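Okay, thanks for letting me jump in. I'll put the sequence and the fold up on the screen, and then we can walk through a few spots together.

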Amino acid sequence: MAVKLQVPPGEKIGISGGKLAVPNNPIIPFIEGDGTGPDIWKASVRVFDAAVAKAYGGKKKISWMEVYAGEKSFNQFNNWLPDETVDAFRDYLVGIKGPLTTPVGGGIRSLNVALRQLLDLYVCLRPVRWFKGVPSPVKQPGNVDMVIFRENCEDIYAGIEFAAGTPEAAKVLAFFEKEFPKEFGKIRFGTTAKTGAWNQAAGLAGGNDSVQVGVGIKPVSAAGTERLVRAAIEYALREKRKSLTLVHKGNIMKFTEGAFKDWGYALAKSQFRDQVVTERESWILGNNDSKPGISAEENAKLIDPGYDMMTPEQKAKIVKEVETVLKLAPTHGDGKWKGKLLIKDSIADITLQQVLTRPKDFEVIATLNLNGDYLSDALAAQVGGIGIAPGANINYVSGHAIFEATHGTAPKYANLDKVNPGSVVLSGEMMLRYMGWTEAADLIIKGMDGAIGAKTVTYDFARLMEGAKEVGCGAFATEVINHM
């Protein structure tokens, strides 16, 4: 069924020379969302309109255009994600959405992922900060102030996998067995013979007539890595952040996650050389600053404690690295490297520990899709949960961006005017800032600070805050507006 969208009076946001051209009356598509989505959207849009009106005295105003996806779309048009919705986000560049239900049955696995893939929204941007007074399970949540750049289109979220026992999975396994026998040998139960032997050893009957192995493919490319890391570095420099950490599992997945790390470092050094310093370079330059006249070999011993046990070839490689870094002296020497953006890397598992124990060590994080999924939710838990965590999916080249709630639909609370609208409110704040309407965005932050500081909050915060006044979704929006 064709979907006829009601286009309000207004103008399209454009892009010129890599910069958004935002009119005073931009048309912005929105999806209100499923479950609690309508309650949250009704509250959030009031906050957005109030902030814009207060900031610009009526000179600017958003023209909201509803588009459809999820249950509401399916119920009205028998289509979970109409082409008209995708076209609207494509044509109008910037949009916002509430939480969406995952479709039941075949077809689209995730509406959120589908939109990201269709519009090539390669950055999932997740800022994580604490609002004073928000209940937290950690002692010093104020130390958490990070921005995650999560790669959005590759890694396992590319969705390339084959169900166990299907002809497709069998075909992939047969290909591996023929073309890559060594790697195939690592698939423990990749043949009926292996499966049967295991069943027999375990005393299990049957199960020898088919191979139950699901197969997935994890693509990670240089181009995909570079555009993500470039966006993260540009953000860090623009916002005057001190460090950017490449988070990866390259110690195990050397040619995907490890390549992500290597490509990230290479991009930083080739395209931002005068503005960045890698952590390892900082050690070499620091040694040279603190010990004038130190030889390249002595410097190598300081940055690699195992230097004396290396082969001559390995030693020569480290010494050459030191000599190459010291050529940066005109731009980085004599302590000048301390004012550069520090590029470093961290293994994903230790990162999940250190964002808890040493959060000040992390400012901007660039990482692959699955790592970013884990990290963003783990960090959100420290600052109030995903109910208040904003998110955005952005293509910095084309200008396309969809800002979204990061939580689920919570259908049991639907139409109760109960839930916290903070995730969508703060996603809208990100949207306004992305559009260059920073005055309105600042007012939303001020309003959120004020409402939470006054302990006039929704049930999720009220039950954990001493002396809090519990209000509904709409009333919380009113409090945010009153504190602007």
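So, by class, which residues make up the lining of the largest pocket? There are 23 nonpolar, four polar and 11 charged ones. Keep in mind that we're looking at a predicted model.

Staying with that pocket: its volume comes out at about 1,000 Å³, and 38 residues line it. If you want to find the centre on screen, look for Leu-125, Tyr-235, Arg-238, Glu-239 and Arg-433, which lie nearest to it. Several elements give two or more residues to the lining, among them strand 6 (123–129), strand 7 (145–151), strand 14 (390–394) and helix 16 (422–434). The top contributor is helix 8, with six residues.

Now let's zoom in on strand 6. Five of its seven residues are buried, so call it mostly covered. Strand 6 has strand 7 as an antiparallel partner, joined by seven bridges, and Arg-129 sits opposite Asp-145 of strand 7. Strand 6 also pairs with strand 14, again antiparallel, over three bridges. There, Cys-124 is across from Asn-393.

Last stop, helix 4, residues 111–118. Which of its residues are buried? That's Leu-111, Val-113, Ala-114, Leu-115 and Arg-116, and yes, an arginine is on that list. The cover over them includes helix 3 (83–92) and strand 5 (94–97), plus strands 7, 14 and 15. One more thing for the backbone fans: after helix 4 comes Asp-120, with a positive phi near 55 degrees.

Notes
Residues are numbered from 1 along each chain as its sequence is written. This is a predicted model: local features need pLDDT of at least 70, side-chain atom pairs count only at pLDDT 80 or more; totals for chains, interfaces and linings use all residues. Side-chain values use heavy atoms; hydrogens and water are left out. On a 1 Å grid over the protein atoms alone, a cavity is a set of points where a 1.4 Å probe fits but cannot get out, and a pocket is an open set with protein on both sides within 12 Å along at least five of seven lines; lining residues have an atom within 4 Å of a point. Grid points are joined across faces, edges and corners, and a volume is the space filled by probe spheres set on the points. Helices (H or I, at least four residues) and strands (E, at least two) are DSSP runs, numbered from the N terminus. Ala, Val, Leu, Ile, Met, Phe, Trp, Tyr, Cys and Pro count as nonpolar, Asp, Glu, Lys and Arg as charged, and the others, Gly among them, as polar. Buried means under 20% relative accessible area, exposed over 50%, partly exposed in between (1.4 Å probe, protein chains only). Contact means heavy atoms within 4.5 Å. Two strands pair if DSSP finds at least two bridges between them.
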